[in-house]
Amino acid sequence: RCGGRLVGDLTLVVPHTVGDLTRWGRLLSNCLSDFGPSAAAGLSTIIGVRRDNRLIYAIELTAGGAIRQFCGKANRPPTDHDRRTVIRALAIGGVLDTRAPRNRPWLTGIELRPGAT
């Protein structure tokens, strides 16, 4: 569980309804509204990332903790700093499977010890 968890100046949030995904899709100009059935079936976990109370990214994880996508507005990739901050928090929190081959590129340059910066 990661809703409301603070990560530096970023806040991780989870959608509570399909309407949340629709709104997030509008805010990020992407197709998040299509993810409702997958999330409801437990096939995907969607996590939003906010800065200054504004949604700036969304992450889709498989049921096994592999990242399918981590995108900002119009499917732009996250900044490297934001990627490292968020991925480190998800890995330390046990949400992200650090052994999944699919996650290796996302883990580049990240120290996973809890006390590391």
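**Strands β3 to β5 and helix α3**

Ser44 stands opposite Thr62, a residue of β4. That pair is a good place to start. Keep in mind that this is a predicted model.

Ser44 belongs to strand β3, which covers residues 44–51. β3 and β4 run antiparallel, and eight bridges join them. Together they make a hairpin with two residues between the strands. In that turn, Asp52 has a positive phi, about 50 degrees.

Now β4 itself, residues 54–62. Is this strand mostly covered or mostly open? Mostly covered: of its nine residues, eight are buried.

β4 also pairs with strand β5, residues 67–71. How many bridges join these two? Four, and again the strands run antiparallel. One position to look at here is Leu61, which stands opposite Ile67 in β5. β4 and β5 form a hairpin too, with four residues between the strands. Gly65 in this hairpin takes a positive phi, near 90 degrees. So much for the strands.

The last item is helix α3, residues 80–92. Its 13 residues reach 18 Å from the first C-alpha to the last. That is close to the expected 18 Å, at 1.5 Å a residue.

Which residues of α3 are buried? The list is Asp82, Arg83, Thr85, Val86, Ile87, Arg88, Ala89, Leu90 and Ala91. Note that the charged names Asp82, Arg83 and Arg88 are on it.

After α3 comes Gly94, with a positive phi near 80 degrees.

To recap the pairing: β4 has eight bridges to β3 and four to β5.

Notes
Residues are numbered from 1 along each chain as its sequence is written. This is a predicted model: local features need pLDDT of at least 70, side-chain atom pairs count only at pLDDT 80 or more; totals for chains, interfaces and linings use all residues. Side-chain values use heavy atoms; hydrogens and water are left out. The expected span of a helix is 1.5 Å times one less than its number of residues. Buried means under 20% relative accessible area, exposed over 50%, partly exposed in between (1.4 Å probe, protein chains only). Two strands pair if DSSP finds at least two bridges between them.
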